[in-house]
Structure formats: structure tokens, C-alpha cells
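Open the model in your viewer and keep the sequence panel visible. The tour goes from two cysteines to the sheet and then to a helix.

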Amino acid sequence: DSALLSFREAVLADITSLCALDKACFKKQNSNQLERFEHIIEGREYQIFIAEKDNQMIGKAHVRWQDKGATLSDIAVLPEQQGQGKDQRLGRERED
């Protein structure tokens, strides 16, 4: 049930889980995932928002802040959680 989802900003302690999520969701993997996520989380240009269900990470979206708005990218939802509208909800939560 999508009502059970919670959302929060990623922190450095989430990097291992973010790498596992990307591995489950994307065929092509960046060889420097740990460094990539560390750079994004510590930087100012992007934020990563995490979707959780029952305190478990099930999805994420990257938000790139720009002068005239923001762009969503790297939206991922665990395969077993897909097809339930969670990816759409993750996008909507960031627009609010």
C-alpha cells in the first residue's frame, strides 16, 4: 500500500543501500558507485530522496537543483515493488 511509504533525504550512511538498490534496478553499473554517491550526498547541486516502506529502502530519486527549477533523474524502485505506482509517488512527493 503506497500510504505506508515515507520519504527522506539520503545521508552518507545510506551509500551501501543505495549501491544495492542501483544494482537491483539498473543493468549498467558505474564502477565507482561509492564515490559517486558520496559526491552527490556531500554536494550542493544534487539531493537524493529515499522512499522507505517498513523502514526499508525501496526506492530513490535524484534531484538536480538548477537556477530555474529542478530535474528528477535516476529514479529507481526495487523490482518486487514496481507496478504499484511507487515511482510516481516518489516523483510527486518531491514536487510538493
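A residue counts as buried under 20% relative accessible area, as exposed over 50%, and as partly exposed in between. Keep in mind that this is a predicted model.

Select Cys-25 first. Its relative accessible area is 23%, so Cys-25 is partly exposed. Now move to Cys-19, where the relative accessibility is 15%; Cys-19 is therefore buried. How many disulfides does a search of the whole structure find? The search returns 0.

Next, colour the strands. The open sheet has 4 of them, ordered β1-β2-β3-β4, with antiparallel pairing. At the edges are β1 (5–9) and β4, each of which pairs on one side only. From one strand to the next, the twist averages 25 degrees.

With the sheet still shown, add helix α1, residues 15–25. Which strands does helix α1 touch as it packs on the sheet? The contacts are with β2 (46–53), β3 and β4. The direction of the helix makes about 95 degrees with that of β3.

Finally, isolate β3 (residues 56–66) and β4 (residues 69–77). These two strands run antiparallel and are joined by 7 bridges. The hairpin between β3 and β4 passes through 2 residues. To follow individual pairings, select Lys-60, whose bridge partner in β4 is Ala-76. Then select His-62; its bridge partner in β4 is Ser-73. While looking along a strand, note the general pattern: in a regular strand, side chains alternate between the two faces of the sheet.

Technical notes: Residues numbered from 1 in each chain as written. Predicted model: local features only at pLDDT ≥ 70, side-chain atom pairs only at ≥ 80, totals over all residues. Heavy atoms only, no water. Pairing = 2+ DSSP bridges. Axes fitted to C-alpha atoms, helices over the stretch in contact; angles between N-to-C directions. Contact = heavy atoms within 4.5 Å. Disulfide = S-S within 2.5 Å. Buried < 20%, exposed > 50% of the residue type's maximum accessible area, 1.4 Å probe, protein only.
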